[in-house]
Amino acid sequence: MWDCCSEDLEGKLECLSDGFAMPMGQCGFVLEAGGMKVAIDLVVSDLFYKGTDISRRRIEPPFPVASCPGLDLILVSHDHADHLDRALIEDQTKRNENCRVIAPACILDSLDIPDCSKLYVGNYGSVRLGGLFVKAIPILHMDYENSSPGFSRFYGYLLRWNGLTVFHGGDTLSSRRLVDDISRYRPDYVMLPINGRDPERLSKGIVGNMDACEAIDFAVSVGAKALIPTHFDFFKENGADVETCRHIATGRMRVVVPVPGRCIDLGQIQGGQI
Ligand SMILES: [Fe+2]
């Protein structure tokens, strides 16, 4: 459900101030960062149960693809329908020749968009766009897996601008390596999945993620100031209780619960206000 203050969401996204993030459900966010309007794992298209016109989304699409405000940069963690919106990417790059897309190489190869829009950064590769630094960190969607040497199928993204550091973990488990990769950057925020995993979901091909306890432990281990839990609200069959996450974290880690359509002022963390 979109928050009541999400009326005219397109307008709000258009006018985001630097350092603000708009949660868009599941792992999707739109950020204003270093003069760039950045979407991470943004999915606005509807998703349907196979062979039906029944929506799988518990949160309805916020607006039609063509109504999405212009984006400067689209980051995609991996090739799953709740993270990759091909129609959105194709529409954005058609409308705006300066829109850039960072995604695993196997996704970029398959997208029908101009070559100049594709940024192949590779494992631990980084780019600076405007005032924003972006680094691609291999993550483990059950396992680390490259599609070709040096190019992972799954990325998390580290973003730095104006003294803020945010790590968006896409879909991932925790590992010693990932803790080492991220802790050196002392992120202000980590955006991490909390839906966990179990044999029943695995048997249906639903690949697992960190659960709330693991996400909190990870956030503590990398020295984050706050956890923004993700991957709990899109699908009935693969969600989590975000209030339990907040409860478990009490006294250990600040938790900022993302509400679709309600802006988060990321800069507040620097003044210790949240
Ligand atoms: Fe996912």
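Biologist: What makes the order β6-β5-β4-β3-β2-β1-β16 an open sheet, and which strands are its edges?

Modeller: In this predicted model, seven strands lie in the order β6-β5-β4-β3-β2-β1-β16, with mixed pairing. The edge strands are β6 (118–119) and β16, and each of them pairs on one side only.

Biologist: How do you know that β1 and β2 pair?

Modeller: Two strands count as paired when DSSP finds at least two bridges between them. Strand β1 (residues 20–23) is joined to β2 by three bridges, and the two run antiparallel, so the requirement of at least two is met. Methionine 22, for instance, has valine 30 in β2 as its bridge partner. Five residues lie between the strands of this hairpin, where glycine 25 takes a positive phi near 95 degrees.

Biologist: What joins β2 to strand β3?

Modeller: Five bridges join β2 to strand β3 (residues 36–40), and these strands also run antiparallel. Alanine 33 has methionine 36 in β3 as its bridge partner. The hairpin of β2 and β3 has two residues between the strands, and glycine 34 takes a positive phi near 60 degrees there.

Biologist: Why is strand β2 called mostly covered?

Modeller: A residue is called buried if 20 or more other C-beta atoms lie within 10 Å of its own, and in strand β2 (residues 29–33) five of the five residues are buried. In a regular strand the side chains alternate between the two faces of the sheet. Both faces of β2 are covered, with Phe29, Leu31 and Ala33 buried on one side and Val30 and Glu32 buried on the other.

Biologist: What makes leucine 266 a buried residue?

Modeller: Leucine 266 has 25 other C-beta atoms within 10 Å, and the cut-off is 20 or more, so leucine 266 is buried. Leucine 266 is found in the segment after β16 (264–265). Leaving aside residues up to four places away in sequence, leucine 266 touches Gly19, Phe20, Ala21, Leu164, Val166 and Tyr189. The C-alpha atoms of leucine 266 and valine 166 are separated by 9.1 Å, although these residues are 100 residues apart along the chain.

Biologist: Which residues of helix α2 are buried, and what covers them?

Modeller: In helix α2 (residues 86–95), the buried residues are Ile89, Asp91, Gln92 and Thr93. What covers the buried residues of α2 includes β4 (73–75) and β5 (100–102).

Biologist: What is the strand order of the open sheet that contains β7, and which strands are its edges?

Modeller: Seven strands form this open sheet in the order β7-β8-β11-β12-β13-β14-β15, and the pairing is mixed. The edge strands are β7 (126–129) and β15 (254–255), each pairing on one side only.

Biologist: How do you know that the pairing in this sheet is mixed?

Modeller: Strands of a sheet pair through backbone hydrogen bonds, either parallel or antiparallel. Strand β13 (residues 189–193) and strand β14 (residues 226–230) pair in the parallel sense over five bridges, whereas β7 and strand β8 (residues 132–138) pair in the antiparallel sense over four bridges. Proline 193 has threonine 230 in β14 as its bridge partner, and valine 127 stands opposite valine 134 in β8. β7 and β8 form a hairpin with two residues between them, and glycine 130 in the turn has a positive phi of about 60 degrees.

Biologist: Why is α6 called oblique to α7?

Modeller: Two packed helices are described by the angle between their axes and the distance between the axes. α6 and helix α7 (residues 242–249) pack at an angle of about 45 degrees, with their axes 9 Å apart. Angles under 35 degrees count as roughly parallel and 65 to 115 as roughly perpendicular, so the angle of about 45 degrees makes α6 oblique to α7. The contact is made by Ala212, Cys213 and Ile216 of α6 and Thr244, Cys245, Ile248 and Ala249 of α7. α6 passes α7 in a right-handed crossing.

Biologist: How do you know that the radius of gyration agrees with a compact globule?

Modeller: For 274 residues, a compact globule would have a radius of gyration near 19 Å, and the chain has 17 Å, which agrees. Buried residues make up 45% of the 274 residues in the chain.

Definitions and conventions:
Residues numbered from 1 in each chain as written. Predicted model: local features only at pLDDT ≥ 70, side-chain atom pairs only at ≥ 80, totals over all residues. Buried ≥ 20, exposed ≤ 12 C-beta atoms within 10 Å, placed from the backbone. Contact = placed C-beta atoms within 7 Å. Rg over C-alpha atoms; globule rule 2.2 N^0.38 Å. Axes fitted to C-alpha atoms, helices over the stretch in contact; angles between N-to-C directions. Parallel < 35°, antiparallel > 145°, perpendicular 65-115°, else oblique. Left-handed = near helix turned anticlockwise from the far one by under 90°.
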